[in-house]
Structure formats: C-alpha cells, structure tokens
Amino acid sequence: MSLLPVWHYVVVVALMMLGLYIVIAKPNYVKKLMGLSLFQVSVIMLYVSMGRITGGTAPIYILDDGVPRPFVLYTNPVPHVLMLTAIVVGVATMAVGLSLVVRIREAYGSTEEDVVAELDRREVEEARARETAVPPEAERAAP
Amino acid sequence: METAITMVLFGLLFTTALLVGRQRNLFAATMLTGIFSLVSAGLFTVMEAVDVAFTEAAVGAGVSTVLMLATLSLTEDTERRESKVSWPALIVVLLTGGALIYGTLDMPAFGDANAAVHQPLSRYYIDRAWDEIGLPNMVTSILASYRGADTFGELGVVFVAGISVILLLGHTRAAAAVAQAERDERPSVLSAERHAQVREMPVVRTVAKVMLPYIVLFAFYVQAHGDFGPGGGFQAGVILATAFILFGLVFGPKELTRLVPPQRLERIIPVGPMIYGGVGVVAMLMGGEFLAYGAFTPEHPSHGHHYGIFMVELGVGITVSAVMITIYTTFATRPRTTTPCAVLEPGEQPVPVGLAPEDVPELPEERALPAQEGMS
C-alpha cells in the first residue's frame with residue numbers, strides 16, 4: 001500500500017465519525033445506540049489494526065512435537081486481549097441502554113429525543129403556571 | 001492479495017455503516033448492523049485477530065441483533081422524522097475526524113513490525129508465555145493470567161450490566177398478568193401467537209431441534225479448548241446463551257422460562273465473579289499474590305497456571321451465559337407498553353408499538369398441499 005502508509009487509520013476514523021454523527025444528529029434513541037455500536041466496532045478495529053504485523057500469524061504458538069517453533073513472527077496479542085473483553089462488555093452495556101429506551105418509551109410514549117425534550121419542557125411550563133397562579137381560597141383569605 | 005481483501009472488506013463495512021445511518025426503517029437498520037458485525041469479524045480474521053473475530057461474530061451478529069429486535073418489538077420500528085443534515089453535528093464530526101487523522105499521520109504504517117506497540121511488553125509476553133504458563137494460545141495466557149485482574153474487572157462490568165437490566169426491566173407479578181392480556185391483542189415476532197405460528201413451521205422447528213445440542217456441545221468445546229486455540233470463557237458463554245436464545249425464538253419465551261426459571265438464573269449470575277475472586281483469594285491463602293496461580297503447585301508453577309486459568313475461564317463462561325440469557329428473557333417477556341404514542345401536533349399520525357405488519361411475514365392460512373391433479 002503505497003497510497004498512504006496510514007490508510008487504515010483514515011478508514012477507521014471515517015467509520016468512527018459516521019457513528020459519532022449518528023449519535024449526535026439522529027433523534028431516535030435506538031438509532032443513537034446503533035451509531036454507538038458502529039463507533040465501538042471502529043475503535044476495536046483501530047486497536048486490532050495497530051497490533052497487525054505484515055507476515056505475522058495468529059498469536060497461538062506453532063508447536064513441533066510439543067515445543068514451539070523458533071523464529072515465528074506472531075501478531076501482537078495484547079490488543080486482542082483488550083478488545084475481546086471490550087466486545088462482550090459492549091453488548092452487555094448496550095443491553096442496559098436498550099432497556100433504558102424501553103423504559104423511556106413506556107414513560108413518554110416516544111423514542112424520539114426531540115419529542116421527549118418537548119414533553120419535558122411542557123411539563124415544566126405547566127408546573128410553573130400552577131405555582132404562579134394564586135389559588136382562589138388563598139386570595140380570599142389573604143387581606 | 002491480502003491488502004485487496006482488506007480494502008474490499010473495509011469498503012463493504014463503510015457502505016453498510018452508511019446504509020445504517022440512512023435507513024429509517026429500524027428493522028432494516030438492525031439487520032444491517034448484524035451484517036456490519038459479520039463483515040468486521042471477517043476483517044478481524046484477515047488481521048489475524050482470531051479470538052476477537054470469534055467474539056465479534058458471536059456477539060455482534062448474534063446476540064446484539066436479537067436484543068435490538070426485542071427492543072423494537074417493545075417500542076417502535078420506524079424513525080418518525082425525516083432526518084435533515086444537521087450542520088452543527090457535521091461540523092463537530094468533521095473537526096474531530098480531521099484532528100484524529102492529523103494525529104495519526106506520524107503513526108507507524110499498517111503492519112510495521114517495528115512499531116512501538118510491538119516492543120517491550122508484547123515481546124515479553126510472546127517470548128515468555130510458553131515457558132511461564134505453557135499454553136499455546138497466548139491470548140488466553142494474557143487474558144486469564146498476566147492480565148487476570150483486568151479481566152476480573154471486565155467480568156464485574158458484565159455482572160453489573162446484567163443486574164441493571166433486571167432492575168430496569170425485571171417483571172413483577174402484576175406486570176406479568178398485564179403481559180398476558182396484552183399479548184392477546186397484537187401479535188409480534190416475539191409474542192406467544194407468533195410462536196404458536198412458528199411452532200407450526202416444521203422446517204424451523206426441526207432444524208432448531210437438530211442444531212441445539214450441537215450448539216451446546218460447541219460451546220463446551222470452545223470453553224475447554226480456549227487454552228489451545230481461539231476461544232475461552234467469553235466466547236463459550238455467548239455461544240451457550242445463543243442456544244437458549246434460539247430455543248426461545250423458536251419455541252417461545254414462555255417455554256424458555258419454563259426450561260430455565262429467571263429466578264434460578266438470577267442466582268447463577270454472581271457465581272462467576274465468586275469463582276474468579278475465590279481462585280484469587282485461594283492463591284493468596286497458599287502464599288502467592290492475588291490471581292498468581294503459580295502458588296497452587298509451587299514445585300511446578302505452570303501446572304498451577306493451567307488449573308487457575310481453567311477455573312477462571314469457567315467462572316467467566318458461567319456468568320456471561322447467565323447474563324446473556326437473563327437479558328434475552330427479560331426483554332422477551334416484558335409486557336408491551338400501554339402508554340399511547342406521544343403526539344405533539346394534533347394532525348400527526350401516532351405510530352403503533354412494535355414491529356410494523358409488513359416486517360412480519362404473513363403465514364398462509366391453508367397449509368394443506370394442493371391435491372395433485374393430472375398425475376395419474
């Protein structure tokens with residue numbers, strides 16, 4: 001690859017930014033979580049691609065009669081370890097996010113961020129109107 | 001050749017991601033995220049990260065797709081608004097992306113063996129793991145032994161996530177009664193009626209029945225063989241959970257909860273961290289450090305490492321599978337909400353809860369084969 005020595009970083013960053021754009025710009029909560037998972041996969045891709053060595057093999061010892069073959073080029077195993085656990089943790093935390101979305105749908109009747117924000121705003125306005133309005137009994141009793 | 005494969009896969013990945021962003025039908029977008037995960041698993045394999053690819057294929061293309069579908073059946077499956085281009089978001093994203101790419105310009109090239117990441121620590125693991133631990137799979141050695149405390153923390157996160165989902169969506173007895181009443185109203189992919197229909201489909205039922213024991217067997221193989229090849233507790237736990245999720249999808253979540261009662265499953269979740277932490281404490285009692293398994297057999301430390309890694313991976317497998325099954329049953333048995341769809345403007349059309357009818361394939365009412373005519 002002579003185009004650009006760091007071309008894979010460019011692709012990974014592009015994917016990452018696509019995920020970030022979905023998280024920021026899309027109002028739907030489920031869509032936001034999808035964007036977050038795109039972002040997560042691209043971060044994992046970044047780490048794994050850094051561990052890659054041209055001509056290297058998977059980080060499992062090649063054994064000849066129970067003894068590892070000398071002078072074998074192995075891919076860096078450390079990023080693999082870190083990312084493997086991150087994937088499983090990622091799906092567990094995404095389940096928490098999705099259950100929050102289900103609870104939001106039950107409470108607000110919508111999974112769109114702008115609708116939820118608008119409903120919240122109206123509720124605050126109503127509460128404020130109730131506070132400022134003087135109840136009729138209090139008006140009579142005051143002076 | 002390898003570069004060409006990598007570039008094609010990256011291209012596919014990027015196209016899928018673009019389509020996920022553009023697709024307003026969330027059901028279709030969920031399927032696309034499944035494809036995205038599968039393609040990225042292929043890309044991990046090309047990059048020689050076999051353990052990561054294994055996990056991504058099981059988790060991303062399997063479990064998380066099912067979870068998203070379960071969420072869609074409890075909420076709505078269409079994005080309501082036409083999404084316009086959001087300029088502030090675009091500017092933020094372009095600035096961030098530009099900064100990140102600028103930061104990577106002086107990074108080592110793809111596949112450079114002299115890059116800084118490969119130097120002191122990784123060299124140490126690759127050179128010494130065989131003599132100190134004696135397992136062929138370096139990833140397992142690092143995961144369970146060298147970085148055992150780190151993995152303990154990750155297991156803790158999975159544990160906490162499982163508990164959180166139970167706390168957020170776990171059902172009460174009253175909710176279960178409401179669930180039954182509501183399931184009768186509108187059939188969804190995950191509801192009892194749909195399962196009754198799927199149950200009639202002989203091909204799905206038979207294939208599932210044939211596959212289930214092999215999936216479970218494969219999970220145990222992956223669990224036990226993680227020391228020698230790609231695999232281990234995380235992958236095995238997810239694969240075992242996949243078998244139960246398949247059972248739930250084909251025969252109904254009710255059948256699944258009869259098979260594995262949620263109350264009992266909830267008690268299995270903490271077993272894994274207890275085994276993991278227990279192994280660490282036993283190592284301390286025998287005179288070593290926390291999670292230093294060499295203390296088990298002082299005359300032959302690498303044997304102690306084998307025992308310790310086996311136990312620790314077992315704990316990981318138990319908790320991961322229990323958490324994944326619990327999450328699925330919690331979502332699948334959650335009653336459909338009674339809250340009506342919020343409408344801001346008077347003229348707006350409310351969106352019905354659950355997957356749209358066009359997503360659910362209609363089953364033919366008449367199942368009898370047409371009488372054979374003209375064949376005598």
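Start by selecting two helices of chain B, α1 and α2. In α1(B), highlight B:Glu2, B:Ile5, B:Thr6, B:Leu9, B:Phe10, B:Leu12, B:Leu13, B:Thr16, B:Ala17, B:Leu19 and B:Val20; they meet B:Ala29, B:Leu32, B:Thr33, B:Ile35, B:Phe36, B:Val39, B:Ser40, B:Gly42, B:Leu43 and B:Val46 in α2(B). Colour this contact by class and you will find 15 nonpolar, five polar and one charged residues. Keep in mind as you look around that this is a predicted model.

**How the first pair is arranged**

Two packed helices are described by the angle between their axes and the distance between the axes. Here, helix α1 spans residues 2–22 of chain B and helix α2 spans residues 26–46, and their axes come within 9 Å and cross at roughly 160°. An angle over 145 degrees counts as roughly antiparallel, so α1(B) and α2(B) are roughly antiparallel to each other. Turn the view until one helix lies in front of the other: the crossing of α1(B) and α2(B) is left-handed.

**Just past α2**

Next, select B:Glu48, which sits in the loop between α2 and α3 of chain B. This residue is not a glycine, yet it has a positive phi of about 70°. Is B:Glu48 buried or exposed? B:Glu48 counts as buried because it has 22 C-beta neighbours inside 10 Å.

**A second helix pair**

Now show helix α6 (residues 138–146) and helix α15 (residues 301–332) of chain B, whose axes come within 9 Å and cross at roughly 85°. These two helices, α6(B) and α15(B), are therefore roughly perpendicular to each other. To see where they touch, pick B:Thr140, B:Ala144 and B:Ser145 on α6(B), then B:His305, B:Ile309, B:Val312 and B:Glu313 on α15(B). By class, the residues of this contact are three nonpolar, three polar and one charged.

While α15 is on screen, look at the loop between α14 (271–285) and α15 of chain B, where you will find B:Leu291. B:Leu291 has a positive phi of about 65°, although it is not a glycine. It counts as buried, because 24 C-beta neighbours lie inside 10 Å.

**Zoom out to chain B**

Show the whole of chain B: it has 15 helices and zero strands. Of its 376 residues, 42% are buried. Among the contacts in chain B with a separation of 6 or more, 70% are between residues 24 or more positions apart.

Try colouring by domain: chain B is divided into domain 1 (1–75 + 116–132) and domain 2 (141–349). Where they meet, 18 residues of domain 1 are in contact with 24 residues of domain 2. Which helix gives the largest share of the domain 1 side? That is α3(B), with 15 residues. The domain 1 side is made up of 12 nonpolar, four polar and two charged residues.

**Bring in chain A**

Finally, display both chains. Their contact takes 91 residues from chain B and 79 residues from chain A. On the chain B side, helix α3 (residues 50–74) supplies the largest share, 13 residues. That side of chain B divides into 57 nonpolar, 24 polar and 10 charged residues.

For a last stop, select A:Asp120 in helix α4 (residues 113–132) of chain A. A:Asp120 counts as exposed because it has 11 C-beta neighbours inside 10 Å. Draw a distance from its C-alpha atom to that of A:Gly90: the two residues are 30 residues apart along the chain, and the atoms are separated by 30 Å.

How values were computed: Residues are numbered from 1 along each chain as its sequence is written. Chains are lettered from A and ligands numbered from 1 in the order in which they are written. This is a predicted model: local features need pLDDT of at least 70, side-chain atom pairs count only at pLDDT 80 or more; totals for chains, interfaces and linings use all residues. Two residues are in contact if their C-beta atoms, placed from the backbone, lie within 7 Å. Helices (H or I, at least four residues) and strands (E, at least two) are DSSP runs, numbered from the N terminus. Ala, Val, Leu, Ile, Met, Phe, Trp, Tyr, Cys and Pro count as nonpolar, Asp, Glu, Lys and Arg as charged, and the others, Gly among them, as polar. A residue is buried if 20 or more other C-beta atoms lie within 10 Å of its own, exposed if 12 or fewer, and partly exposed in between; C-beta atoms are placed from the backbone. Domain bounds come from an automatic or database domain assignment. Axes are lines fitted to C-alpha atoms, for helices over the stretch in contact, and angles run from 0 to 180 degrees between N-to-C directions. Angles under 35 degrees count as roughly parallel, over 145 as roughly antiparallel, 65 to 115 as roughly perpendicular and the rest as oblique. A crossing is left-handed if the near helix is turned anticlockwise from the far one by less than a right angle, and right-handed if clockwise.
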